[in-house]
Amino acid sequence: MSGQVIFESENHKVVLFEELTPASAVQANQYLIIHNGEGMLLDPGGHKVFSQLKRDISAHLPPNKLRYIFLSHQDPDIVAALNGWLLTTNAEAYISKLWLRFLPHFGLEKNFEERVKPIEDKGTRLDLNGCELLILPAHFLHSPGNFQVYDTCSKILFSGDLGASLNQPYFFVENFEEHIKYMEGFHKRYMASNKVLKLWANMVRKLDIEIMAPQHGAIFKGKELVNKFIEWAENLKCGVDLMNEDIYSIP
Ligand code: FE
């Protein structure tokens, strides 16, 4: 059974599931936030992790107490098993309004469609049984309709693909400079532009963040590492900044 508690207080708990992905698929983290006995599941993933994740979650929360499913964007490692989650829980799912009509292509049944709620571009706030969760815009980081979650009770920022690392041999970042090599390639190619990274940095600097938890790879624990990431990101050239005629030439 997987599931590592990364925050715990009297009425609030955050659990990370990181070992469920099959070897050929990109490693993905799933997170469960529980407040006063109700839960939000973040970026639940695809069919290969569905059954195991459901079993593992049950050790922390009865599935019928799952209130929200948060989908940071439309990628298969996030959304593919949505139909199964809606079939076996009473949860409502939240995703950018841009992707709503694409979900039936993942096998979302007609009678579940009304339980998927569109998020407007400016984001929103959700109440998890007394704990406020901020749904923050993170468009083009990397998807055009993309959100992150800031949990005001644990002070964790769930940053989706931003801050992701691949093939690093640890679950928690120790040395930021050493860690850059596991993030750099992914961010330069998947993130859209430095302009949005700067907008994001200005927004999240207004929050009190203790942990930054991405959807792939290692977690940034402590303000020092979180601030180092924000600083690195706001200075990174990526995506359209790096496109040139060499790439845009007839193959
Ligand atoms: Fe993605």
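## The iron site

In this predicted model, H73 is buried, its relative accessible area being 0%, and H142 is likewise buried, at 15%; buried stands for under 20% relative accessible area, exposed for over 50% and partly exposed for what lies in between, with a 1.4 Å probe and protein chains only. Both histidines belong to the protein donors of the iron ion, which are H73 (NE2), D75 (OD), H142 (NE2) and D161 (OD), at 2.0 to 2.3 Å from the ion. Donors are N, O and S atoms within 2.8 Å of the metal (3.2 Å for Na, K and Ca), and as water is not among the atoms, sites may look incomplete.

The angles subtended by the four donor atoms around the iron ion run from 79 to 168°, and the arrangement is therefore irregular. Under the rule applied, four donors are tetrahedral if all angles lie between 85 and 135 degrees, while four are square planar and six octahedral if opposite donors are over 155 degrees apart and all others between 65 and 115, and anything else is irregular. Along the sequence the donor residues follow the spacing H-x1-D-x66-H-x18-D. Because H73 lies in the loop between β5 (66–70) and α2 (76–79), and H142 in the loop between β9 (131–137) and β10 (147–151), the pair ties together parts that are 69 residues apart in sequence. Helices (H or I, at least four residues) and strands (E, at least two) are DSSP runs, numbered from the N terminus.

## Basis of the values

Residues are numbered from 1 along each chain as its sequence is written, and side-chain values use heavy atoms, with hydrogens and water left out. As the model is predicted, local features need pLDDT of at least 70 and side-chain atom pairs count only at pLDDT 80 or more, whereas totals for chains, interfaces and linings use all residues.

## The seven-stranded sheet

Seven strands form an open sheet with mixed pairing, in the order β1-β2-β3-β4-β5-β6-β7. Its edge strands, each pairing on one side only, are β1 (4–8) and β7 (116–119), and from one strand to the next the twist averages 20°, with axes fitted as lines to C-alpha atoms, for helices over the stretch in contact, and angles running from 0 to 180 degrees between N-to-C directions. Two strands pair if DSSP finds at least two bridges between them; β1 and β2 (residues 12–17) do so in the antiparallel sense over four bridges, and E8 stands opposite K13 in β2.

## Strand β12 and its partners

In strand β12 (residues 211–214), I211 and A213 point one way and M212 and P214 the other, and all are buried. Strand β11 (residues 156–160) runs parallel to β12 and is joined to it by four bridges, with I156 opposite I211. With β13 (residues 220–221), β12 pairs in the antiparallel sense over two bridges, and here the bridge partner of I211 is K221. The hairpin of β12 and β13 has five residues between the strands, and in it G217 takes a positive phi near 80°.

## Aromatic contacts

One aromatic cluster is formed by F176, W200, F220, F229 and W232, where rings of Phe, Tyr and Trp (its six-membered ring) pair if their centres lie within 6.5 Å, planes under 30 degrees apart counting as stacked, over 60 as edge-to-face and the rest as tilted. F220 and F229 form a tilted pair, 5.3 Å centre to centre with 50° between the planes, and both residues are buried.
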